[in-house]
Amino acid sequence: MSKTTQPARQIGLFSLIALVVANMIGAGVFTTSGFALGDLRERHWVLLAWVIGGMIAMLGAVCYGALARTISDSGGEYIFLKRNLHPMAGFLAGWISLWAGFTGAIAFAAKGFESYARAGNDWFDSIPSGQIALISIWVFAILHALRLHAGLWTQNLIVIVKLVLLLSFVLFASFVIGFSPNSGWQASELGWDAQPSNWQLVSLLAGSLVWISLSYSGYNAAVYVAGEVRDAPRNVPRSMLWAAGIVTLFYVTLNAIFLYAPLPSDIVGQESIATIAAGAVGGTSWQLLLQFIICLSLLSSVSSMLIAGPRVYAKMADDGLFPRWFAGSPERATPQSAVYLQAALTSVAILISTLQQLLDYLSLTLSISAALTVLTLLWMRPTADQPRVSVGTKFAAVIFVGATIGLAVLAGANNPTKWWGTAITLATGVITYILIAKVQNGRPSEKANSQVT
């Protein structure tokens, strides 16, 4: 941000790791494997897909870490693409963050929270659909808008409780699977009606990775608040790599339990694979515990994205691309107006869309933004303020971009209508940028670059 609105750097490494972990752990890990098993038929292939998804996320964390070491300012893809590619590319990345990266993602997490909160609770029946999701958004929006420290402490507490409960579940379930004669550990795989070819198996594995990779998204959350992080060039890359490693370990372990605790025939194609597995582990009481953990996970996702998202819009406002009153101020540690904007847009998304529509939209749109951002590492040149990008990092970038774009193309190949949301977002972003240029009687980049220090 410019000197007039540069916030104090109040976020430490622990809070930053908690923020990234909260962004990553959402509904996907608790629902995806049942559908993947329906396609892959054998549990070890599903588990391999989760390992590969974690590796892709780790590569993404390495690449975003390299970018964060050169630009330790808030804004994420917006600031990276603006400075390393073109101001319009940066604006489009910010536009995608506004409508997909955070508005769509927060709406997805909040609607998922309401769905799990209502499950088995008849006393929620009198509350109209969508109201629980809206309440969760506005409670955290008000908290994060008023005081950054209060929001961070609440966020950290939720993440700690969530991880402790998940670890307890993992330890107990591992014991049960190993010693219970009724577990699915020794059960036969579902098998194939006709054995697929190697290419067919690769295609099915890639199809499952489309959904699994979305479950790993959020590893880059630290770059959105980098301007408020202490020792950002060091702590932002470390936080993303630590968080991606922690989440990968949890995801693979959890899905091993989800896949091997119950019988394969009980979970194939099932959305509620997590609760089915919990029931196989410890009956109704453990199902209720896991339902509580899932609700906590989704609440922490809502909270963390309401911290990260508004920093992008505040930066764009500071650069003259959004109304000035969305920017932060020296008097406040949080961009209050941007937080309320995020909550308002998310509320609209909750009222007009379904979980399936949000999921399709997010998986394609976010892939494009992330791949283009990482791609800039390949042509960055060292300067006095910008270190040389290592050959290893460039190699990681090539693999990440290839995997991300490949999965996005695969996701839209079978149903081209899924691209409509992404196409509309990009088209409206270009039109908006051009209109801003005309209003300012010049390129937005000229005004923005004159303000950035």
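Asparagine 255 sits in helix H9, which covers residues 232-260, and offers a good starting point for a walk through this predicted model. The relative accessibility of asparagine 255 is 0%, so this residue counts as buried. Which residues does asparagine 255 contact, leaving aside its neighbours within four places in sequence? They are Val29, Ser33, Leu47 and Trp50. Sequence and space can also be set side by side here: asparagine 255 and threonine 32 are 223 residues apart in sequence, yet their C-alpha atoms are 9.3 Å apart in space.

Helix packing comes next. Two packed helices are described by the angle between their axes and the distance between those axes. For helix H6 (residues 131-146) and helix H12 (residues 284-318), the axes come within 9 Å and cross at roughly 45 degrees. That angle makes H6 oblique to H12, and the crossing of the two helices is right-handed. On the H6 side, the contact involves Ser136, Ile137, Phe140, Ala141 and His144, which meet Leu299, Val302, Ser303, Leu306 and Ile307 of H12. Sorted by class, the residues of this contact comprise 7 nonpolar, 3 polar and no charged.

One of the H6 residues deserves a closer look. Serine 136 belongs to helix H6, and is it buried or exposed? With a relative accessibility of 6%, serine 136 falls under the 20% cut-off and therefore counts as buried. Not counting residues up to four places away in sequence, serine 136 touches Ala110 and Phe113 as well as Leu299 and Val302. Leu299 and Val302 also appear among the H12 residues that meet H6.

Helix H12 has a contact with helix H11 (residues 273-282) too, and here the axes come within 7 Å and cross at roughly 145 degrees. The crossing of H11 and H12 is right-handed. From H11, the contact draws on Ala274, Thr275, Ile276, Ala278, Gly279 and Gly282, while H12 supplies Thr284, Ser285, Trp286, Gln287, Leu290 and Ile294. By class, the contact of H11 with H12 has 6 nonpolar residues, 6 polar residues and no charged ones.

Finally, the cysteines. A disulfide is a covalent bond between the sulfur atoms of two cysteines. How many disulfides does the structure hold? The number is 0. Cysteine 63 has a relative accessibility of 0% and so counts as buried. Cysteine 295 is buried as well, because its relative accessible area is 11%, under the 20% cut-off.

Terms used: Residues numbered from 1 in each chain as written. Predicted model: local features only at pLDDT ≥ 70, side-chain atom pairs only at ≥ 80, totals over all residues. Heavy atoms only, no water. Axes fitted to C-alpha atoms, helices over the stretch in contact; angles between N-to-C directions. Helix = DSSP H or I, 4+ residues; strand = E, 2+ residues; numbered from the N terminus. Parallel < 35°, antiparallel > 145°, perpendicular 65-115°, else oblique. Left-handed = near helix turned anticlockwise from the far one by under 90°. Contact = heavy atoms within 4.5 Å. Nonpolar A, V, L, I, M, F, W, Y, C, P; charged D, E, K, R; others polar. Buried < 20%, exposed > 50% of the residue type's maximum accessible area, 1.4 Å probe, protein only. Disulfide = S-S within 2.5 Å.
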